[in-house]
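Subject: Handing over the structure, with notes

Dear colleague,

I am passing on the structure we spoke about, and I would be grateful if you could look through it with the notes below beside you.

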Amino acid sequence: AEKRAETIARIQPGSVRVGDPLPDLTFESLGGAPVALYSLRGMPSVLVFGSCTCGPFVESMAAIAELEREYRGRASFLLVYIDEAHPTDGWVMPGGAFELARPRAIAERRAAAEEFRRRLSVGFPIVLEPMDRSAERTFGAFPNRLVIADAGGTVVANGKPGPFSTAEAVKSARGTLDALIGSPRR
C-alpha cells in the first residue's frame with residue numbers, strides 16, 4: 001500500500017502549459033549523444049514520455065507508431081524514456097509485459113529503453129531522461145504523457161498526466177497535427 005501511494009503521488013501536472021516554449025532540457029540518446037529539445041524546432045514535434053513497466057503506455061505504442069508513420073517527414077517524434085512506473089522493487093502491476101527493477105544508473109535506464117525499442121520495434125528516436133527525473137517534474141510526464149509543439153517550439157497540446165494519458169492524447173493528436181501541417185499522406 002505504501003509503494004502504491006508513493007507511485008500515485010508522483011502523478012503531477014508539471015509546469016509546462018500550452019503556449020509555453022519547450023523547456024531548455026537536454027537528454028541523452030541511446031547512443032550517448034546529447035539531444036536538446038530546442039533542436040526539434042523547424043517542424044512540429046511530438047514528445048512521448050513513458051517506460052516499459054507502464055502497461056497502458058506499452059499498449060498505446062501501436063497507435064503512436066501508426067501516428068508516427070502517418071506524419072513521418074512532416075513532424076518529428078521523440079520518445080523520452082522516463083523512470084519506471086511499476087518496477088519490481090516498487091508498486092508492481094500484475095501481467096506487465098516487462099519486469100525489471102527501477103534503474104539506479106543511466107546505463108540501466110539505457111538497457112531498459114533498448115529492450116523496449118527492440119521488443120516493440122520503435123522506429124523513431126528514443127532519449128533517456130536524466131536520473132534526476134527532470135522531465136517528470138517539468139512535463140508531469142509520470143507515468144506517461146504526450147506533448148505536441150509547433151515548428152517554433154511552442155507547446156500546442158499537452159496531454160493530461162496519468163496512466164492512460166498517452167492513449168487519450170493520441171486520439172486528438174491527428175487533429176492537432178493536421179491544423180499545424182495539413183492532412184497526412186495516406
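The notes below go through the cysteines, the aromatic pairs and the charges over rings.

Please keep in mind from the start that this is a predicted model, and that the values given here are all computed.

**Cysteines**

The count of disulfides comes to 0. Cysteine 52 takes part in no disulfide, since the nearest cysteine sulfur, which belongs to cysteine 54, lies 9.9 Å away, while a disulfide calls for two cysteine sulfur atoms within 2.5 Å. Looking from the other side, cysteine 54 is likewise in no disulfide, and its nearest cysteine sulfur is that of cysteine 52, at 9.9 Å. As for their surroundings, cysteine 52 has a relative accessibility of 2% and therefore counts as buried, and cysteine 54, at 1%, counts as buried too.

**Aromatic pairs**

The structure holds 5 aromatic pairs, and I describe some of them here. One is formed by phenylalanine 49 and phenylalanine 139, whose rings are 4.7 Å apart from centre to centre, with 35° between their planes, so that the pair is classed as tilted. This pair links distant parts of the chain, as phenylalanine 49 belongs to strand 3 (residues 45-50) and phenylalanine 139 to helix 4 (residues 134-139), with the two lying 90 residues apart. Phenylalanine 49 counts as buried because its relative accessibility is 0%, and phenylalanine 139 counts as buried at 0% as well.

Another pair is made by tyrosine 81 and phenylalanine 116, which meet edge-to-face, with 6.0 Å from centre to centre and 65° between the planes. Here too the pair links distant parts of the chain: tyrosine 81 is in strand 4 (residues 76-81), phenylalanine 116 is in helix 3 (residues 106-120), and they are 35 residues apart. Tyrosine 81 has a relative accessible area of 0% and is therefore buried, and phenylalanine 116 is buried with a value of 0%.

Which residues form one aromatic cluster? They are Phe57, Tyr81, Phe98 and Phe116, so when you look at the cluster you will meet both members of the edge-to-face pair again.

**Charges over rings**

The ring of phenylalanine 98, a member of that cluster, has the charged end of arginine 119 sitting over it, 3.9 Å from the ring centre. Elsewhere in the sequence, the charged end of arginine 10 sits over the ring of phenylalanine 142, at 4.0 Å from its centre.

With kind regards

Conventions. Residues are numbered from 1 along each chain as its sequence is written. This is a predicted model: local features need pLDDT of at least 70, side-chain atom pairs count only at pLDDT 80 or more; totals for chains, interfaces and linings use all residues. Side-chain values use heavy atoms; hydrogens and water are left out. Buried means under 20% relative accessible area, exposed over 50%, partly exposed in between (1.4 Å probe, protein chains only). Rings of Phe, Tyr and Trp (its six-membered ring) pair if their centres lie within 6.5 Å; planes under 30 degrees apart count as stacked, over 60 as edge-to-face and the rest as tilted. Helices (H or I, at least four residues) and strands (E, at least two) are DSSP runs, numbered from the N terminus. A charge sits over a ring if NZ of Lys or CZ of Arg is within 6 Å of the ring centre and within 35 degrees of the ring normal.
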